[in-house]
Number of protein chains: 4
Amino acid sequence: MRRVQIAVIGYNKDSCTEAARKAAYKVGSEVAKAGAVLVCGGLGGVMEEACRGAKDNSGTTVGIIPENDASYANKYCDIVVCSTIGFARDFIVAGTADGIIAVGGGVGTRIELSAGYMLKKPMVAIKGSGGTADEYGGKYLDERKRVEIMMVASPKEAVRVLLEKIGKNNNAGLGHDNPPHT
Amino acid sequence: MRRVQIAVIGYNKDSCTEAARKAAYKVGSEVAKAGAVLVCGGLGGVMEEACRGAKDNSGTTVGIIPENDASYANKYCDIVVCSTIGFARDFIVAGTADGIIAVGGGVGTRIELSAGYMLKKPMVAIKGSGGTADEYGGKYLDERKRVEIMMVASPKEAVRVLLEKIGKNNNAGLGHDNPPHT
Amino acid sequence: MRRVQIAVIGYNKDSCTEAARKAAYKVGSEVAKAGAVLVCGGLGGVMEEACRGAKDNSGTTVGIIPENDASYANKYCDIVVCSTIGFARDFIVAGTADGIIAVGGGVGTRIELSAGYMLKKPMVAIKGSGGTADEYGGKYLDERKRVEIMMVASPKEAVRVLLEKIGKNNNAGLGHDNPPHT
Amino acid sequence: MRRVQIAVIGYNKDSCTEAARKAAYKVGSEVAKAGAVLVCGGLGGVMEEACRGAKDNSGTTVGIIPENDASYANKYCDIVVCSTIGFARDFIVAGTADGIIAVGGGVGTRIELSAGYMLKKPMVAIKGSGGTADEYGGKYLDERKRVEIMMVASPKEAVRVLLEKIGKNNNAGLGHDNPPHT
C-alpha cells in the first residue's frame with residue numbers, strides 16, 4: 001500500500017525568507033510525523049528546509065529536479081528524480097502529489113499551484129509565509145472553481161487539513177481520472 | 001547520503017515473456033539486496049516483476065509513469081512519480097538512474113537505453129532475456145561511442161558490474177556534468 | 001531571417017467571453033499585419049479567434065497542442081506542433097515566443113505568463129479582457145522583478161509595444177542566454 | 001486546410017557524413033516541391049541541410065529545438081519552436097510529423113524513429129545514408145509490429161512513398177487516435 005505523497009513548494013534559496021525557512025522545516029517535520037512521503041522540487045530554500053525537517057523526523061523525501069544531474073539536488077533528498085526537462089518539471093511535482101502545501105514562493109510556486117489546480121489536487125497555503133502562498137491562499141485560480149487553495153494557520157494544520165481532504169477523495173472511490181497512455 | 005538508484009527497464013505486460021518476468025524478478029531482488037533503490041517506468045511486465053522482487057527483499061521502489069494518475073502504477077511501487085508528460089517520461093527514467101539494467105524489451109526500452117546513452121549512464125543488458133536487451137547488448141548506439149551497453153550473463157552479475165562502474169565514476173570525482181537551469 | 005514570433009494566450013473555449021473573443025481576433029489581425037508569426041496553444045477560445053484573425057490578414061499561425069493528434073487543433077492553424085507532453089506544453093508556448101500577449105485567461109494563462117516571466121520574455125496584457133490578463137497586467141510575478149507584464153489599452157498597442165521591446169532586446173546584442181544541451 | 005508535415009531526422013553536425021548531407025539537402029528539396037512543411041530538430045547536419053534544401057525550393061521549415069533560446073536553431077528555420085525540455089523534444093518532432101524520413105543518424109534518430117513507431121507514424125529510411133537509417137530500414141522496432149520503417153532508394157521515392165501512405169491513412173477516416181487532455 002503506497003503512502004500518501006505530499007508536495008511542499010515555495011521559495012528557492014535565492015529569495016527565501018527566514019520565516020519561510022522556519023515554516024518549511026516545520027511542514028517537513030509534520031509531513032514525516034504523519035507518515036507521508038515528502039515530495040518537492042529538490043533544490044534549495046523551502047525545498048531544502050522541508051526535506052531537512054522530514055529527515056530529522058525519520059521521513060522519506062523525494063526531490064524532482066529540472067536537471068540531468070542528481071548532484072544539483074539538496075542533500076536531504078533520499079530519492080532524486082532527474083527530470084531532464086527543465087522547469088516544466090513543475091508539472092511533475094504537482095502531478096506526483098496527492099496534496100500540496102505552499103510556503104511563500106515566487107513564480108515557480110505559481111506554476112506548481114496552477115498545475116495542481118488543473119489536476120484538481122487538494123492544496124493549502126500557509127498564512128503569513130509570504131509571496132505566492134499569501135497571494136493565492138483562500139482563492140480559486142479561475143472562474144471554473146476546480147479546487148480551492150485553502151488558507152491554513154500553521155504547518156500542523158496544513159498536514160491535518162490535507163490528509164483529511166485526501167482521505168475523503170479516496171473514500172469517494174475515485175478511479176482513473178485521466179485516460180491512460182497506450 | 002543518497003543511495004544508488006538503478007533503473008530496470010524492459011517489456012511492458014502486453015509483450016512480456018515468462019523468461020523476462022523471471023529475470024526481472026531476480027534483477028529486482030538483487031538490486032534490493034545490494035541496498036540500491038529500484039527505479040522503473042512503474043507499469044506492468046518487467047517493471048512490475050522487478051518491483052515485486054525488490055519488495056520481497058525489503059527494497060525501495062520508484063515508478064515513473066506517463067500518466068497524471070498514480071492508480072496506473074503497479075502495486076509494488078513505494079513511490080509513484082506521475083510525470084504527466086506521456087511517454088517522454090522515458091527520458092526521466094534514464095535521467096534518474098545512476099545505472100540501467102535492460103531485461104528484454106520493445107521500443108520503449110530502445111528509447112530508455114538511447115536516452116541513457118546520451119546521458120552516458122552505465123548500462124547492462126541481460127543475455128538471453130530477448131528483445132532490445134539481446135539486440136543492444138555489447139553495442140554502442142552510434143559511432144560516437146559514448147558508453148557501451150555491456151552484456152551480462154545474469155541478474156546478479158548485472159548489479160555487480162553496474163555498481164562497480166558507478167563506483168568508479170564517483171571516485172573519478174565527477175562533478176556537475178550538465179549546466180544548471182537558472 | 002526568421003520573423004518575430006508572438007504568442008497569444010488566454011481563455012480556452014469553455015470559459016471564453018465574447019469580449020475576449022473579439023479582442024483575440026483583433027490581436028491576431030494585428031500580429032499578422034505586423035508581419036509576425038502568431039504562436040498559440042492551438043485549441044479553442046482566444047487561441048482560435050487569434051488564429052482566425054491572423055488568417056484573415058494573411059498571417060502565419062502555429063498551434064502547439066498538448067495532444068499526440070493534430071486533429072485537436074483549431075482549423076486556423078497553419079502548422080500544428082503535437083507536443084505529446086500534455087499541459088506542460090505551456091512552457092513550449094512561452095519558450096517559442098519572442099513576446100507574449102494575454103487576452104483574459106484562466107489557469108493555463110497563469111502558467112504561460114509565469115513561464116514567460118522565468119524566461120524573461122516581453123509580455124503585455126490587454127486591459128479589460130478579463131481573467132488573468134486583468135489580474136496580472138502591470139505586475140511582476142515575484143520579488144525578483146525579472147520582467148514586468150505591461151498593461152496595454154488595445155490589441156494594436158499590444159503589438160506595437162511588444163515589437164518595440166523585442167527590437168530593443170535584439171539591438172542590445174543578446175546572444176545565447178541559456179546554455180546549450182550537448 | 002493544414003499542409004502535410006514531414007519530419008526529416010538524422011545526424012547532427014558532429015557526426016554528419018558528406019553523403020548524408022547531400023541526401024538531406026535533396027530530401028528537403030523534395031519535401032518542399034511536394035508542398036509539404038518540413039519539420040526537424042532545428043540543429044545542424046541533416047537538419048540544417050534539409051532546411052536549406054527546402055528553402056532553396058520555396059518551402060516552409062520548422063525547427064523544434066531542445067533549448068530555451070531560438071538562436072541555437074540553424075538559420076534555415078522559418079519557425080523555431082523552443083521546446084525548453086531538452087532532448088525529450090525528440091517526442092515532439094515525431095508527434096508533429098505526419099510522416100518521417102530518416103537520413104543516416106545516431107542515437108537521437110533512434111529515439112525519434114522509436115517515438116514515431118509508438119505513435120504509428122508512416123516512416124521511411126533512405127538506403128545507403130548510413131547509421132540508424134540503414135540499421136532500422138525495412139524493420140519493425142519490436143514484436144508488436146505497429147508500423148514498418150520502409151527502406152527507400154532515394155529522396156524522391158521517400159517523399160512519394162510517405163505521401164501515399166499518409167493519404168491512405170487520411171482516407172481511412174482516422175479520427176482522434178488519442179484521448180484529449182481535459
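**Notes on a predicted four-chain model: sheet, symmetry and side-chain pairs**

1. Start with the sheet of chain A. Seven strands, 7 in the order E4-E3-E2-E1-E5-E6-E7, make an open sheet with parallel pairing. At its edges stand strand E4 (79-82) and strand E7 (149-152) of chain A. Each of these has a single partner strand, so one side of each lacks a neighbour in the sheet. From one strand to the next, the twist averages 25 degrees. Keep in mind that this is a predicted model.

2. Look next at one edge of that sheet. Strand E3 (residues 60-65) of chain A runs parallel to E4(A), and 4 bridges join them. Which residue stands opposite A:Ile64 in E4(A)? The residue is A:Val81.

3. Two helices of chain A deserve a look against the sheet. Helix H2 (residues 46-55) of chain A lies across strand E1 (5-10), strand E2 (37-40), E3 and strand E5 (99-103) of that chain. Helix H2 runs at about 165 degrees to E2(A). Helix H4 (residues 107-118) of chain A also packs on the sheet. Helix H4 touches E1, E5, strand E6 (123-126) and E7 of chain A. The direction of helix H4 makes about 155 degrees with that of E5(A).

4. Now the relation between copies. Chain B is superposed on chain D by a rotation of 180 degrees, with 0.0 Å of shift along the axis and an RMSD of 0.0 Å. The two copies are thus related as by a two-fold rotation axis. Of the interface residues of chain B, 100% are also interface residues in chain D, so the copies meet through the same surface.

5. Aromatic pairs come next. How many aromatic pairs does a search of the whole structure find? There are 2 over all chains. One joins A:Phe91 and C:Phe91: the ring centres are 6.2 Å apart and the planes stand at 75 degrees, so the pair is edge-to-face. A:Phe91 lies in helix H3 (residues 90-96) of chain A and C:Phe91 in helix H3 (residues 90-96) of chain C, so two chains are joined by this pair. Both A:Phe91 and C:Phe91 are buried.

6. Chains B and D have a pair too. B:Phe91 and D:Phe91 form an edge-to-face aromatic pair, with 6.2 Å centre to centre and 75 degrees between the planes. This pair crosses between chains, from helix H3 (residues 90-96) of chain B to helix H3 (residues 90-96) of chain D. B:Phe91 has a relative accessible area of 4%, so B:Phe91 is buried. D:Phe91 counts as buried because its relative accessibility is 4%.

7. Turn to the charged side chains. Over all chains, the structure holds 41 salt bridges. One of them joins C:Arg2 to C:Asp98, with the closest N and O atoms 3.2 Å apart. The partners are 96 residues apart and link distant parts of the chain. C:Arg2 sits in the segment before strand E1 (5-10) of chain C, and C:Asp98 in the loop between H3 and strand E5 (99-103) of chain C. C:Arg2 is partly exposed at 27% relative accessible area, whereas C:Asp98 is buried at 18%.

8. Another salt bridge in chain C brings two helices together. The side chains of C:Arg21 and C:Glu49 meet at 3.2 Å, N to O. C:Arg21 is in helix H1 of chain C and C:Glu49 in helix H2 (residues 46-55) of chain C, 28 residues apart. Is C:Glu49 buried or exposed? C:Glu49 is buried, with a relative accessible area of 7%. C:Arg21, at 31% relative accessibility, counts as partly exposed.

9. Chain D offers a salt bridge within one helix. D:Arg160 pairs with D:Glu164, the closest N and O atoms being 3.6 Å apart. Both residues lie in helix H6 (residues 155-171) of chain D. They are 4 residues apart, about one turn of the helix. D:Arg160 counts as partly exposed at 49% relative accessibility, and D:Glu164 counts as partly exposed at 45%.

10. Salt bridges also form a network: A:Asp14, C:Asp142 and C:Arg144 are linked in this way.

11. A last residue to check is C:Glu30. C:Glu30 is found in helix H1 (residues 18-33) of chain C. At 16% relative accessibility, C:Glu30 counts as buried. Leaving aside neighbours within four places in sequence, C:Glu30 is in contact with C:Pro155, C:Lys156 and C:Val159.

Technical notes: Residues are numbered from 1 along each chain as its sequence is written. Chains are lettered from A and ligands numbered from 1 in the order in which they are written. This is a predicted model: local features need pLDDT of at least 70, side-chain atom pairs count only at pLDDT 80 or more; totals for chains, interfaces and linings use all residues. Side-chain values use heavy atoms; hydrogens and water are left out. Rings of Phe, Tyr and Trp (its six-membered ring) pair if their centres lie within 6.5 Å; planes under 30 degrees apart count as stacked, over 60 as edge-to-face and the rest as tilted. Buried means under 20% relative accessible area, exposed over 50%, partly exposed in between (1.4 Å probe, protein chains only). Contact means heavy atoms within 4.5 Å. Copies are superposed by least squares on the C-alpha atoms of residues with pLDDT of at least 70 in both. Two strands pair if DSSP finds at least two bridges between them. Axes are lines fitted to C-alpha atoms, for helices over the stretch in contact, and angles run from 0 to 180 degrees between N-to-C directions. A salt bridge is a side-chain nitrogen of Lys or Arg within 4 Å of a carboxyl oxygen of Asp or Glu.
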